[in-house]
Amino acid sequence: MANGYMSGIRERVLSAEDGTVFVTSDFADIADTNTIRQSIYRLVNDGTLRRILQGVYEKPKYSKLLEEYVAADPDAVAKALARSYHWTVAPCGNTALNLLGLSTQVTAVWSYISDGPYKTYEWNSTKLEFKHRTNKEITGLSYMTSLVIQALKTLGRSNVTSDIIKTLSEKLSDDEKQACLKEAAESTDWVYDTIRKICGGDIR
């Protein structure tokens, strides 16, 4: 019976895109914790998965251009940790600017606000940092809404240009814009006014 569960776990991993990051709880609907651990152990041993952090694994992605395996995506690892610990997280600082294409500066630390505890994680040359914030700053907000709010806060009101508004407007889908307009209503006045411009709404 355990072999059947293990096959289900292997199939889920194999059907995922290369570079997908998993945590053990992603397989909780398939098998019990012990079976999941045994399955992951086997998948790591045969190279199907590679361990990033304790309880965090990646389906390796190979670059033909570079002729080597690509480093794990820190944002995907952050989201996986959030799933595992049931945190709500959102990129902040330069991380938010990078993910939205507003900065090309390479960030030394990938920073996130979280309703969980202060935590840092390191692997290879990558460092993840989670900063605790009150629930009202992130709870109830979609990932993109939180991302846009944090990016605007990082830039500051005086640095939000028409080009930045245009860039963000082009990046967000219609559904994301609708969610942003609804979810960000309680944010600081200037932040929400900027979001109205990004999303094509009237300035209040």
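**Serine 146**

I began with serine 146, which I located in helix H6; helices are DSSP runs of H or I with at least four residues, strands are runs of E with at least two, and numbering starts from the N terminus. I noted that the model is predicted, that local features need pLDDT of at least 70 and side-chain atom pairs pLDDT 80 or more, and that totals for chains, interfaces and linings use all residues. Residues are numbered from 1 along each chain as its sequence is written, and side-chain values use heavy atoms, with hydrogens and water left out.

I then asked whether serine 146 is buried or exposed. It counts as buried because its relative accessibility is 3%; buried means under 20% relative accessible area, exposed over 50% and partly exposed in between, with a 1.4 Å probe and protein chains only. Leaving aside neighbours within four places in sequence, I found serine 146 in contact with Ala90, Ile138 and Leu141, where contact means heavy atoms within 4.5 Å.

**Helix H6 against H8**

I looked up the packing of H6 (residues 143-155) on H8 (residues 174-183) and obtained an angle of about 65°, with the axes 9 Å apart. The axes are lines fitted to C-alpha atoms, for helices over the stretch in contact, and the angles run from 0 to 180 degrees between N-to-C directions. H6 and H8 are therefore roughly perpendicular to each other; under 35 degrees counts as roughly parallel, over 145 as roughly antiparallel, 65 to 115 as roughly perpendicular, and the rest as oblique.

I recorded the crossing of H6 past H8 as right-handed: the near helix is turned clockwise from the far one by less than a right angle, whereas anticlockwise would be left-handed. On the H6 side I listed Met144, Thr145 and Val148, which meet Glu176, Ala179, Cys180 and Glu183 of H8. By class, this contact of H6 with H8 has 4 nonpolar, 1 polar and 2 charged residues. Ala, Val, Leu, Ile, Met, Phe, Trp, Tyr, Cys and Pro count as nonpolar, Asp, Glu, Lys and Arg as charged, and the others, Gly among them, as polar.

**Helix H6 against H9**

I repeated the lookup for H6 and H9 (residues 189-199), which pack at about 120° with their axes 10 Å apart. That angle makes H6 oblique to H9. H6 passes H9 in a right-handed crossing. Val148, Ile149, Leu152 and Lys153 of H6 make the contact with Trp190, Val191, Thr194, Ile195 and Ile198 of H9. I sorted the residues of this contact into 7 nonpolar, 1 polar and 1 charged.

**Cysteines**

How many disulfides does a search of the whole structure find? I obtained 0, a disulfide being a pair of cysteine sulfur atoms within 2.5 Å. For cysteine 92, the nearest cysteine sulfur is that of cysteine 180, 17 Å away. Cysteine 92 counts as buried because its relative accessibility is 6%. The sulfur of cysteine 199 lies 4.6 Å from that of cysteine 180, its closest cysteine sulfur, which is too far for a bond. I also noted that cysteine 199 is buried, at 12% relative accessible area.

**Threonine 120**

I placed threonine 120 in strand S8 (residues 119-123). At 47% relative accessibility, threonine 120 counts as partly exposed. Not counting residues up to four places away in sequence, threonine 120 touches Lys127, Leu128 and Glu129.

**Overall**

I closed with the protein as a whole, which has 9 helices and 9 strands. Buried residues make up 44% of its 204 residues.
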